[in-house]
Amino acid sequence: MSLVEGGRLERRLVVKSPLPSRLTTRRLARARNIADLRRLAQQRLPRAIFDFIDGGSEDEVTLRENQDAFRRVRFSPKTLVDVSNVNTKIDLLGQTADLPVIVGPTGASGFVWPNGDLALARAAAKAGIPFALSTSASVSIEEIAAMSAGRRWFQCYIFKQREFTMRLIERALRSEYDALVVTVDFPVGGNRERDHRNDFSVPFRYSPRNIFDFAVHPGWASTILQHGIPKLRNLDGFTASNDAMTVASSVGRNYDASFSWDDLKQIRDSWPGKLIVKGIVRPDDADKIVALGADALVVSNHGGRQLDGGIATLDALPAVSVAVNQRITVLVDGGIRRGSDVVKAIALGANAVLLGRASLYGLCAGGEAGAQKAIDIVRSEMVRTMQLCGIPDVRSIGPDALSQRTSDSGMGTRGERTILAAY
Ligand SMILES: Cc1cc2nc3c(=O)[nH]c(=O)nc-3n(C[C@H](O)[C@H](O)[C@H](O)COP(=O)(O)O)c2cc1C
């Protein structure tokens with residue numbers, strides 16, 4: 001299908017992600033860290049939307065644990081090393097990335113900033129890092145390909161309508177996406193209780209509470225009204241009706257809970273590019289992913305939004321990394337809010353990390369400029385951490401960057417044997 005078909009080209013020319021106001025720009029300039037961006041996001045968004053992004057499932061144990069796991073890790077800095085020049089570039093799946101960071105897939109981006117997916121893609125491109133477009137994005141596969149210059153990956157959910165799923169994959173292939181990310185921790189949606197409490201549901205229900213919530217956040221409401229309620233652009237044709245609410249509710253009921261190893265193998269066989277499997281926390285699953293011929297996996301629990309009580313991703317990472325044994329690329333996400341978290345993740349076996357909420361908070365706070373700010377914060381914190389740890393090159397970050405006391409958290413730091421023993 002060409003871009004011109006179905007009026008896509010016409011829409012493509014009008015996809016815009018608005019600039020932030022002067023006030024927002026001033027507030028962004030004052031943000032020192034990701035927590036500041038989160039606060040700005042909270043101020044700007046209606047509570048139901050903020051909670052949708054910020055929240056996790058059930059008691060949010062895994063959501064909290066993801067961040068706490070990073071806090072338990074301690075560095076053991078080297079001194080008297082020349083750190084006047086720091087290299088943050090890595091080879092990531094055959095191409096150079098300016099940072100060991102990817103802007104991960106987040107489906108709600110269009111609800112927080114008009115055409116938010118495009119803003120995230122552009123921020124990632126400016127930072128020289130890949131962007132992963134969610135299946136549930138509000139800007140289509142083709143539009144992102146046409147309008148953002150950077151390296152792009154497509155994240156695919158698996159629907160019962162297997163033909164539709166395969167068509168999405170084909171569209172990503174035609175639009176020359178570098179990599180396909182198949183998310184495997186989503187056989188059914190997680191139980192996100194904040195959303196129930198806030199009457200935030202799909203299809204959207206207008207209740208007195210959320211109408212009031214929207215009314216007291218006029219900045220957000222006016223931008224959304226100006227640009228129209230976001231649609232899930234990749235899912236045009238998912239139902240007979242293209243009405244956003246019908247599509248969204250139908251998607252929710254149509255994740256394929258029967259998807260298993262043989263099906264993943266079929267996808268591997270039909271996708272000639274890089275294949276990344278997202279949502280792995282067990283070493284035995286990691287081993288199977290390698291055997292299946294994937295190019296990378298993401299140690300992920302969906303940011304604590306799916307199974308509550310599941311292991312924190314940083315705690316899962318060392319054993320997965322040992323099982324993979326450098327045969328494929330290991331990525332990790334969940335709870336990354338500081339540049340030092342990136343260094344810790346690499347020290348414990350990751351090649352690179354995905355940002356989820358960190359870049360999303362930036363987007364909520366100020367669109368593309370906010371997302372750029374989030375990436376800049378992570379970059380500058382990461383560089384300073386490396387300098388203070390006596391590590392001038394990201395490629396030489398290893399377990400010896402960490403203190404033995406890290407084993408308090410159940411993780412070894414002195415190479416493979418200690419790490420394995422801890423599991
Ligand atoms: C609002 C929101 C939407 C998300 N949408 C998707 C999605 O469409 N596909 C996907 O694979 N993961 C999705 N994720 C999970 C992220 O890709 C990532 O795994 C997670 O956010 C990492 O945790 P962190 O937010 O603590 O960094 C979403 C996460 C959030 C917060």
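Is Asp54 buried or exposed? Asp54 is buried, with a relative accessible area of 6%. I will come back to that residue shortly. Before that, please keep in mind that what we are looking at is a predicted model.

Let me start with the ligand. There are 20 residues around the ligand, and the closest of them are Pro105, Ser134, Thr183, Asp333 and Arg357. By type, that shell splits into 11 polar residues, 5 charged ones and 4 nonpolar ones.

Three contacts to oxygen atoms of the ligand are worth pointing at. For Asp333, a polar side-chain atom sits 2.6 Å from a ligand oxygen. For Thr183, an N or O atom of the side chain is 2.7 Å from an oxygen atom of the ligand. Gly356 takes part through its backbone, where an N or O atom lies 3.4 Å from a ligand oxygen. As for how covered the ligand is, on its own it would expose 600 Å², and the protein buries 98% of that area.

Now to the salt bridges. The structure has 24 of them, and I will go through three.

The first on my list brings back Asp54. Its side chain meets that of Arg38 in a salt bridge, with 2.8 Å from N to O. Arg38 belongs to helix H3, residues 34–44, and Asp54 to helix H4, residues 47–54, so to speak of distant parts of the chain here means a gap of 16 residues. The two partners sit in unlike surroundings: Arg38 is partly exposed, at a relative accessible area of 30%, whereas Asp54, at 6%, is buried. The cut-off for buried is under 20%, which is why Asp54 falls on that side of it.

Next is Asp51, also in helix H4. The side chain of Asp51 pairs with that of Arg194 at 2.9 Å, N to O. Arg194 is in helix H10, residues 193–197, and the pair is 143 residues apart along the chain. Here both partners are buried: Asp51 has a relative accessibility of 7%, and Arg194 has 17%.

The third is Arg268 with Asp295, where the closest N and O atoms are 3.0 Å apart. Arg268 is part of helix H14, residues 261–270, while Asp295 is in the loop between helix H15 (283–292) and strand S8 (296–299), so this bridge ties together parts that are 27 residues apart in sequence. Arg268 is buried at 12% relative accessibility, and Asp295 is partly exposed at 22%.

Which residues are linked with Arg38 and Asp54 in a network of salt bridges? The network also takes in Arg47, Asp51, Glu60 and Arg194. The Arg38 and Asp54 bridge and the Asp51 and Arg194 bridge therefore both have their residues in that network.

On to cysteines. How many disulfides does a search of the whole structure find? The search finds 0. A disulfide, as a reminder, is a covalent bond between the sulfur atoms of two cysteines. Two cysteines to look at are Cys156, which is buried at 0% relative accessibility, and Cys364, which is buried at 0% too.

A few words on the backbone. Most residues other than glycine have a negative phi. Asn115 has a positive value, near 50°, and is not a glycine. You will find Asn115 in the loop between helix H6 (109–112) and helix H7 (116–127). At 13% relative accessibility, Asn115 counts as buried.

Glu176 is another residue with a positive phi, about 60°, and again not a glycine. Glu176 is in the loop between helix H9 (162–174) and strand S6 (179–183). Is Glu176 buried or exposed? Glu176 is exposed, with a relative accessible area of 62%.

Last item, Gly304. This glycine is in the loop between S8 and helix H16, residues 313–324. Gly304 is buried, with a relative accessible area of 0%. In sequence, Gly304 and Ser57 are 247 residues apart, yet their C-alpha atoms are 6.4 Å apart in space.

To recap for anyone scrolling through the model: the protein buries 98% of the ligand's 600 Å², there are 24 salt bridges, and the disulfide count is 0.

Terms used
Residues numbered from 1 in each chain as written. Predicted model: local features only at pLDDT ≥ 70, side-chain atom pairs only at ≥ 80, totals over all residues. Heavy atoms only, no water. Near = heavy atom within 4 Å. Polar contact = N/O pair within 3.5 Å; in protein donor to acceptor, adjacent residues only side chain to side chain. Areas by Shrake-Rupley, 256 points an atom, 1.4 Å probe, with all protein chains shown as cover. Nonpolar A, V, L, I, M, F, W, Y, C, P; charged D, E, K, R; others polar. Salt bridge = Lys/Arg side-chain N within 4 Å of Asp/Glu carboxyl O. Helix = DSSP H or I, 4+ residues; strand = E, 2+ residues; numbered from the N terminus. Buried < 20%, exposed > 50% of the residue type's maximum accessible area, 1.4 Å probe, protein only. Disulfide = S-S within 2.5 Å.
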